[in-house]
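Here are my notes on this one, as numbered points. Have the viewer open while you go through them.

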Amino acid sequence: MTYLKRSPWILHYDASSCNGCDIEVLACLTPLYDVERFGIVNCGNPKHADVFVVTGGINEQNKAVIRNLYDQIPDPKVVVAVGICATSGGVFRECYNISGGIDTAIPVDVYVPGCAARPESIIDGIVQSLGILEEKRAKMLGRKRTKTAGTEGR
Amino acid sequence: MLVTHALIYLLLAPFIGGLVAGIDRKVTARMQGRAGPPLLQPFYDVGKLFEKENLVVTASQNVYALSYLVFMMVSGALFFAGGDLLLVIFAFTLSHIFLVLGAYASCSPYSFIGAERELLQIIAYEPMIIISAVGMYMVTRSFFVAEIAASSVPIILYLPGVFLGFLTVLTIKLRKSPFDLSTSHHAHQEIVKGVTTEFTGSNLGKIEIAHWYENVFLLGFIFLFFSFSIPVAVAAIIIVYLLEILVDNTFSRVTWQFTLRSAWIVAGMLGLVNLAVLYYLSGGFLV
């Protein structure tokens with residue numbers, strides 16, 4: 001029995017977004033979309049999170065912060081880049097201070113384009129990420145099993 | 001007989017506590033005009049937490065989280081076995097001290113603030129809980145839960161003030177607004193997660209299960225006030241819990257100063273005055 005897909009807790013980080021996508025992310029929590037129907041909770045604490053939702057592009061100021069947040073999330077975890085800035089840097093791609101999308105700092109699992117990304121597409125992206133989360137859990141479990149089998153063999 | 005009660009509590013309390021938490025989330029969502037999560041969502045959450053990696057700052061966090069759960073189980077089991085109410089309250093407080101120690105062990109500013117707030121909450125609710133036990137002794141002449149529960153006296157009629165005071169501190173204990181200072185169930189940020197900030201995976205799951213045990217124990221405590229009639233007691237428990245959900249959704253979080261002051265004023269005004277009146281009416285003799 002796997003519970004991970006039924007209870008994804010989200011950490012939302014605004015890298016350098018204009019707040020357009022952030023408002024849409026928060027709109028998912030409102031009565032109209034109500035993502036808590038799927039057990040999704042916006043938790044605001046990396047140590048409790050499963051899904052890392054990032055909006056906006058990467059610059060030198062937030063690179064260290066975003067890596068730190070990513071490292072603090074316990075495995076298994078997935079990263080969802082929300083909005084065109086987070087997926088590729090968007091219109092800011094050529095800016096002197098932007099190094100590109102979120103994947104220039106941490107590995108990204110799901111890209112949700114849009115400016116701003118619609119709540120429907122954000123929810124769709126997060127639901128897709130749950131499949132990847134489940135794969136990662138199975139892989140983690142497999143790794144743990146081979147590890148214990150290895151120690152028993154010794 | 002009484003040992004079986006304790007065993008039934010140990011086995012069933014997590015299921016009842018989880019279901020109550022599920023109903024709580026559903027009712028809360030409906031109050032906010034949302035559909036809300038499935039009824040079994042709290043079980044999915046805890047199941048998920050046990051599937052996650054357990055990250056700790058220091059290994060002692062594991063010990064403290066487990067101790068919190070074990071001592072919560074012990075205090076609840078003692079209560080349902082009909083043991084000494086004072087011993088139950090001391091074990092109950094001790095379990096929270098383990099939670100505070102676990103938060104202090106993690107060397108994180110958010111945890112520290114949560115731990116300090118948890119201590120302040122203990123200071124705030126402890127007098128009222130002791131007064132409740134003393135009040136029940138004055139009515140039934142016994143500190144033993146079994147004898148209090150078996151008495152045919154309608155305790156609520158003798159202790160209405162104590163009961164209202166107990167409801168006030170119950171809000172603190174159920175971690176509901178306006179008194180959810182040290183940690184909260186709502187999807188809020190940083191400081192509000194307080195003591196649980198640095199607990200991950202299975203440790204957080206254990207803390208959640210301990211909270212379910214705690215809630216069932218506290219609802220059992222309400223039962224004592226109405227123990228003369230089981231239907232009335234069950235109705236009272238349901239009404240009290242729905243009232244707590246309403247209060248949770250109506251009020252915003254207050255400061256720790258206000259929490260401490262209001263809890264103590266309530267304990268003094270409703271609790272002590274109730275006990276004094278009871279003492280006076282019984283002509284200086286304990287009832």
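1. Helices here are DSSP runs of H or I with at least four residues, strands are E runs of at least two, and both are numbered from the N terminus. This is a predicted model, with local features needing pLDDT of at least 70, side-chain atom pairs counting only at pLDDT 80 or more, and totals for chains, interfaces and linings using all residues. Residues are numbered from 1 along each chain as its sequence is written, while chains are lettered from A and ligands numbered from 1 in the order in which they are written.

2. Start with the backbone at B:Cys107, in the loop between helix 4 (85-105) and helix 5 (109-140) of chain B. B:Cys107 isn't a glycine, yet its phi is positive, about 55°. B:Cys107 has 10 C-beta neighbours inside 10 Å, so it counts as exposed (12 or fewer other C-beta atoms within 10 Å; buried takes 20 or more, partly exposed is in between, and C-beta atoms are placed from the backbone).

3. Chain A has a similar entry for your list: A:Asn19, also not a glycine, has a positive phi of about 85°. A:Asn19 sits in the loop between strand 1 (9-14) and helix 1 (20-27) of chain A. For background, most residues other than glycine have a negative phi, and most peptide bonds are trans.

4. Now the cis peptides. One joins B:Ser177 and B:Pro178, with omega about 5°; B:Pro178 is in the loop between helix 8 (160-173) and helix 9 of chain B. Another joins A:Cys115 and A:Ala116, with omega about -10°, and A:Ala116 lies in the loop between strand 7 (110-112) and helix 4 (119-153) of chain A.

5. On to packing. The largest nonpolar core (buried Ala, Val, Leu, Ile, Met, Phe, Trp, Tyr and Cys joined through C-beta atoms within 7 Å) has 71 residues, and B:Met128 and B:Tyr213 are among those with the most contacts inside it. Helix 9 of chain B supplies the largest share of this core, 14 residues. A second, separate core has 41 residues, including A:Ala116.

6. Which residues of helix 9 of chain B does helix 2 of chain B meet? B:Val46, B:Leu49 and B:Phe50 of helix 2 meet a set that includes B:Leu204, B:Glu208 and B:Ile209. Contact means C-beta atoms, placed from the backbone, within 7 Å.

7. Finally, the interface: 19 residues of chain A are in contact with 26 residues of chain B.

How values were computed:
Contact = placed C-beta atoms within 7 Å.
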